[in-house]
Structure formats: structure tokens, C-alpha cells
Amino acid sequence: MDVAKRVGSDILDGKPVGALDKLKYRLGDFMIYGPLRNAMGLSRIRVAYTAGAAIGPELFQFFRSIGINLKQLYGQTETCAYVCLQRDGQVDINSVGQAAPGIELKIAENGEVLLKGVSVLKEYYKRPDATAEVLDENGYFKTGDAGVIGANGQLRIIDRAKDVGKMASGAMFAPNYIENKLKFFSHIKEAVCFGNGKDKVCAFVNIDYEAVGNWAERQGIPYGGYVDLASKNVFTISSWVYGRGFGRSASLQILAIAKLLLWFAPCSPSRSASRTPSRADREHVLTRSCVLSLKTRRWQCAAATGPGR
């Protein structure tokens, strides 16, 4: 599988790959990847698309590494399926691709994605009031999603526009986007981010007790409970977070986490794992939780060390 991870996506995209790696991949395809695709019922798939909520980068890369041409697209009911999609050779895990032919795409001042084109709705049936709410004066459809367009023309969906705030500098702040990205790491069970109206972004993370416990056993690290285990996993989490581009030098500004803190206790049972944190949840954590600084390893009260202070 190491060969597949290293060159599988490049082979799909038609990029140059060394002769030895090509040979190894073909042997792997005959003995492992091909039978695996067949077992999943995907042996005859020529192209596959994923849409909706983002899937983890490891899962996305896995499917592509074994020869499944998985790509991402973006659309809504009002746009008659897709309006953006990734083309062969232009697959980026962080984006949903370029605008489809006949689609005009732009970003509003508040960061909302606006669309106009051949497949976008003309109006809601006998609902002029609802139509007026979603179409601006120039006929652009308001998607309700916030996003950014990269230099390569690919759209990156950040969050729902209503959940996006602004930092003191005027930069976009999308807490749900950061939280979901953090939770792709198996050691992180929950994450809550702050930064709206602040100078810096602060993220509180809560470890997954079972996953981190298994990690500690494999490493031969003894621990005496949740607090002890969390403190011993501090630098593993911080290394993963900043190694994935969440630090001050993040390529996307909204991912620049200046302060990362660790919850000292499991999540409150009132928090549902099936939903994203609300503003009330964030206020509760900010005023009630005590945390362990990943840099100093000192316990601090969150109310006294809030983000931006």
C-alpha cells in the first residue's frame, strides 16, 4: 500500500512516474488493489464523485490510491445538480473544482458564493417572496455557503455563510470549517474554535479516549486516567495540527491557529456528536472549561485566557 499511496494518484492523473514504481504498482494492482476494488463492487467504475459534507483526506486519498478516480463536485437542488466539479488532472482534496461550462461564479463581499448560469433556477414555483430572497438584483443565486476562489480558479467551500464571522483584522473566520478539519485526526474527538472579533484564532480540542488509549499502549506509555492521558498526548496532537498547515503560516488564512488548548475533561454529555457547535456551545466552553496549554503544559482557566488576550 505504500507504493499506492505514493504514486497511485499521480498515475490516475497521468503525471510522470518512475518505471520501477509503475511496475510495482501494476503488480500491486494485480494482487491487491484490483481484488480490493472488486470486493467493494467498484471494479468497473470509471469515475466516481463525492459531494455534500467533506470526507477525510486519508479516505479520499485511499480510494484514489487503489485506482478509483474519485473526484469532488458542488451543487444544490436549485442549481440542478452540479455547478462546480473537478476535472481529470486537477483533483484537489481541499476544493470542489472549477465552475462548470455555462456557470458564472463569484464571491460576495460577505464571502457568500453567488451563482448564475444555464442550470440555476429561474424562480420558485408560485413563490415570488422566496425567489426574491435567494436572487440578488443581478440575478445571481445566493447559495448560503461561504467560500474562496483559489488562484487556479477552483472553489473552496468554507462554511455556511450565516456561521462565518470576521476577525479584528477583517479576515474571514469560519469556526465549523476549522473544527471539522481538526476532527479528521483520530486522536481528536471534539474541537471548538474562537476568533470572531478577536485578533487571533484559538482552538480547544478534546481527545478521543479510546483512540489515544490505544496509541499509548502501542507506545508503551502508562497513564492513570483521562487527564494524565491527555497531558501525555499533547505534543502528538500539536505536531499533527501544525504539521497539517494550521499554524501562523497556513496557506489559507482562516486556518491560522495562534493558540491550541486541550480540554482537561471529556466533552459534556449535553453536546451531541451529530451536530456542529453552536455559538452558545462556544460561549459555554469559553467561560466554563479549564485547559492545558500545548506550549507550556500548564493548566489555565479559559475565562482568564480567552483568545486574543
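This short talk goes through some helices, strands and one surface patch of the structure shown above, which is a predicted model.

Let me begin at the N terminus, with helix H1, which covers residues 2-12. In H1 the residues Val3, Ala4, Val7, Gly8 and Ser9 are buried, and the partners against which these buried residues pack are H2 and helix H3, the latter spanning 57-65. As a general point about such a pattern, an α-helix has 3.6 residues a turn, so residues three or four places apart point the same way. Just after H1 comes Gly14, whose phi is positive, at about 75°.

Helix H2, residues 19-39, is also where Ile32 sits, and Ile32 brings us to the surface. Together with Met1, Phe30 and Met31, Ile32 forms a nonpolar surface patch, and the accessible area of these four residues together is about 480 Å². Should we call Ile32 buried, exposed or something in between? Its relative accessibility is 43%, and because buried means under 20% and exposed over 50%, Ile32 counts as partly exposed.

Now to the sheet that H3 packs on. This is an open sheet of four strands, in the order S1-S2-S3-S4, and its pairing is mixed. At the edges are strand S1, residues 48-50, and strand S4, residues 98-99, each of which pairs on one side only. H3 touches S1 and S2 in this sheet, and the direction of H3 makes about 125° with that of S2. Strand S2, residues 70-76, runs parallel to S1, and three bridges join the two; in this pairing Ala48 stands opposite Leu70 of S2.

My last topic is a hairpin further along the chain, formed by S11 and S12 with six residues between them. In the turn, Gly197 has a positive phi of about 80°. Strand S11, residues 188-194, and S12 run antiparallel and are joined by six bridges, and Ala191 is found opposite Val205 in S12.

How many of the seven residues of strand S12, residues 201-207, are buried? The count is seven of seven, so to speak of this strand as mostly covered is to use the 20% limit for burial mentioned earlier. The side chains divide into two sets: Val201, Ala203, Val205 and Ile207 point one way from S12, while Cys202, Phe204 and Asn206 point the other way, and all of them are buried. Val205, which stands opposite Ala191, therefore belongs to a strand that is buried under that same cut-off.

Note on methods. Residues numbered from 1 in each chain as written. Predicted model: local features only at pLDDT ≥ 70, side-chain atom pairs only at ≥ 80, totals over all residues. Heavy atoms only, no water. Patch = residues over 30% accessible without salt bridge, like charges linked within 9 Å, V, L, I, M, F, W, Y side chains within 5 Å. Areas by Shrake-Rupley, 256 points an atom, 1.4 Å probe, with all protein chains shown as cover. Salt bridge = Lys/Arg side-chain N within 4 Å of Asp/Glu carboxyl O. Buried < 20%, exposed > 50% of the residue type's maximum accessible area, 1.4 Å probe, protein only. Contact = heavy atoms within 4.5 Å. Pairing = 2+ DSSP bridges. Axes fitted to C-alpha atoms, helices over the stretch in contact; angles between N-to-C directions.
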